[in-house]
Amino acid sequence: MADHLVIHRAGISAVQDLGRFGRSRFGLPVNGALDQFSARAANVLVGNREGDPLVEVAMLDFSCTPSTDVLLAVTGAPADLTVGGVPRPQWEPTAVRAGETVRIAGIRRGARVYLALHGSVEAPSLLGSCAPDTILGFGRSLRDEDELAIGRGIAPIDHPVLRHPVFRLGVPVPPFPEEWTIDVTDGPDIAEFGASAAKLFDAEYTVSPQSNHIGLRMRGDVPQREARGEVLSRGVPVGAVEVPAGEELLVLHRGRGVTAGYPVLAVVTATGLSALGQVRPGQRVRFRKRSVEEAVAAYRAQRNTLRALRKRVSTVFDALRIPTTTPAPATEAL
Amino acid sequence: MRQHVAILDCGDSAVVVKAVHDDADHRWRAVHALADALEEADLAGVHGLVPTYDSLLVEFDCADTDHRSVRRSLEAALDRLGETPEERPSKLFEVPVVYGGEHGPDLPAVADQLGLTEQDVIDLHSGAELTVRCLGAPVGAPMMDGPAFPAPVARLSSPRTSVPPGSVAVAGKQAVICPMRSPGGWPLLGRTPLRVLDLHSERLAPYRPGDRFRFVPIRPEQWGEHAGAPLGAADG
């Protein structure tokens with residue numbers, strides 16, 4: 001039987017990737033990991049492509065056991081990661097022996113944790129992506145006792161006796177605050193809100209329990225549109241801050257329908273979307289205005305961080321001859 | 001066509017092209033022709049095109065390209081398209097619908113709002129061929145010009161979290177079928193028992209922008225005759 005990962009406790013988890021691109025003309029949302037930075041970082045840390053399938057774990061505890069030696073990395077929200085009962089750091093590659101149990105427990109402050117395996121996990125693909133699409137009914141949540149096929153295992157690479165962590169790559173970990181500040185730029189319909197638009201930056205919003213990968217509903221002092229009349233449906237970007245004529249803001253995320261007719265007051269930035277992917281129901285959010293230039297620069301800086309990390313990973317992996325069939329020499333923390 | 005559009009930033013990862021011509025049909029053909037041209041050009045970093053009635057959303061990865069270069073590509077495509085975008089081909093689809101009751105819970109409210117009887121609303125909605133303008137949310141939904149109601153229909157102030165598949169809805173001056181169960185803020189007039197999408201097809205839906213739909217009222221007890229049948233063009 002092929003190497004696999006046995007899921008003991010699935011909680012709320014699914015196999016994800018960065019999304020299903022290029023189908024929005026047919027009305028398909030992009031979907032994919034809600035915190036794209038953490039997902040990309042997890043894959044980079046184990047030497048995968050950034051868009052390889054990985055496990056997204058939301059809120060609840062998760063545990064699994066690989067049938068072979070694996071190298072994995074856990075990123076995203078702070079949690080207690082243990083391997084065979086021993087605490088291990090997040091945001092670093094971690095060697096796991098065949099049969100050892102990996103536990104992710106006590107996810108806090110943020111909503112989502114990403115678990116990437118060197119060699120990735122196998123998952124069915126639809127139109128070029130394994131990302132679940134709840135509206136199409138494609139992909140499904142993982143369940144207890146599921147088995148995920150592992151692309152390829154790895155020889156043991158930590159010290160056989162001392163079990164010191166091998167890696168210390170030092171990823172700049174994004175903040176996971178109790179109260180979030182989300183960057184936005186002006187939206188295409190901001191003029192329709194007149195002076196009331198400024199409320200978006202003065203008010204504090206509470207994320208409602210009816211929030212998911214499609215969008216987050218937020219309660220607070222909502223700006224009021226001055227213009228009247230219905231908006232003709234048109235394409236709305238991921239991150240659109242919509243203001244229906246109710247008491248809540250609707251902030252669209254990666255599962256959003258590609259068209260909508262509510263006025264778009266602001267658009268969450270690319271880096272802001274990764275942060276928003278971590279916001280839990282009940283947490284408070286403030287919005288911060290950014291220019292398009294500032295937002296692009298911030299996103300490029302984040303992608304450059306990943307590029308630099310990939311370089312360090314490849315230097316270390318080359319030194320350890322990963323992947324390799326002969327056990328690498330035990331190494332002190334690098 | 002450059003003089004007939006405005007290109008606006010839409011956040012750090014998208015621009016929106018708004019067609020600005022006197023003729024609505026010209027605006028619609030322009031944004032679809034432009035989307036075709038961009039798809040053909042296969043621009044690096046551009047991963048999403050959403051042409052609708054009079055606007056085209058272009059989504060991209062702003063680490064791989066930027067607003068200026070996307071704008072330049074758009075302008076070049078507009079120049080190549082010339083003055084008048086082409087007519088689009090058109091097929092006819094006939095769609096059986098059970099109006100009102102559990103399948104169309106907002107029919108009374110819509111009639112009330114428009115100052116019409118429920119039967120008037122049904123007659124107007126099923127009495128004309130409605131042209132598909134784009135495929136939109138949720139997944140592959142055919143977005144149509146709405147029927148000749150006397151006024152635009154207001155969206156629900158709080159969107160429903162779950163609308164059954166096949167629901168037939170209207171909002172503003174638009175009409176739609178919701179192909180899959182999904183959240184939605186449009187008032188529901190009825191529901192078709194047909195299966196709208198084919199998930200095994202690369203293009204998901206049998207219809208394209210430019211095709212026409214005619215809704216055919218059926219009685220609730222006729223639901224079973226059509227349940228689960230695939231939607232197909234009446235004229236091949």
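The paragraphs below go through a predicted model, beginning with one strand of chain A and ending with the two domains of chain B.

Strand 5 of chain A covers residues 70–76, and seven of its seven residues are buried, so the strand is largely enclosed by the rest of the structure. In a regular strand the side chains alternate between the two faces of the sheet. Here both faces are covered. On one side V70(A), L72(A), V74(A) and G76(A) are buried, and on the other side L71(A), A73(A) and T75(A) are buried as well.

Strand 5 of chain A has paired strands to consider next. It runs antiparallel to strand 8 of chain A, residues 93–96, and four bridges join the two. Within this pairing, L71(A) stands opposite A95(A). Strand 5 of chain A also pairs with strand 10 of chain A, residues 112–117, in the antiparallel sense and over five bridges. There the bridge partner of L72(A) is L117(A).

The largest nonpolar core of the model has 81 residues. Those with the most contacts inside this core are F62(A), L200(A), M218(A), L249(A), L276(A) and F287(A). Helix 1 of chain A, residues 36–45, gives the most to the core, with six residues. The core draws at least three residues from each of domain 1 (4–175 + 307–333) and domain 2 (179–290) of chain A. Beyond residues up to four places away in sequence, F62(A) touches eleven listed positions that include I7(A), V55(A), V102(A), L115(A) and L142(A). Another core, of 40 residues, lies apart from the largest one, and among its members are L136(A), F93(B), M144(B) and M180(B).

Helix 1 of chain A also holds N43(A). Is this residue buried or exposed? N43(A) has a relative accessible area of 0%, and because buried means under 20%, N43(A) is buried. Its side chain reaches the backbone oxygen of R49(A) at 3.4 Å. Leaving aside neighbours within four places in sequence, the contacts of N43(A) include N48(A), R49(A), D52(A), L54(A) and A116(A).

Chain B is assigned domain 1 (5–80) and domain 2 (92–225). The C-alpha centres of these two domains of chain B lie 28 Å apart. Six residues of domain 1 of chain B are in contact with nine residues of domain 2 of chain B. The size of an interface is often given as the accessible area lost when the parts come together. For the two domains of chain B, about 570 Å² is buried between them, 60% of it on carbon and sulfur atoms. W28(B), H32(B) and Y53(B) supply 81% of the area that domain 1 of chain B buries against domain 2 of chain B, more than any other three residues.

Terms used
Residues are numbered from 1 along each chain as its sequence is written. Chains are lettered from A and ligands numbered from 1 in the order in which they are written. This is a predicted model: local features need pLDDT of at least 70, side-chain atom pairs count only at pLDDT 80 or more; totals for chains, interfaces and linings use all residues. Side-chain values use heavy atoms; hydrogens and water are left out. Buried means under 20% relative accessible area, exposed over 50%, partly exposed in between (1.4 Å probe, protein chains only). Two strands pair if DSSP finds at least two bridges between them. A nonpolar core is a set of buried Ala, Val, Leu, Ile, Met, Phe, Trp, Tyr and Cys residues joined through side-chain atoms within 4.5 Å. Domain bounds come from an automatic or database domain assignment. Contact means heavy atoms within 4.5 Å. A polar contact is a pair of N or O atoms within 3.5 Å; within protein, one must be able to donate a hydrogen and the other to accept it, and residues adjacent in sequence count only if both atoms are side-chain atoms. Buried area is the accessible area (1.4 Å probe) that two parts lose on being put together, summed over both.
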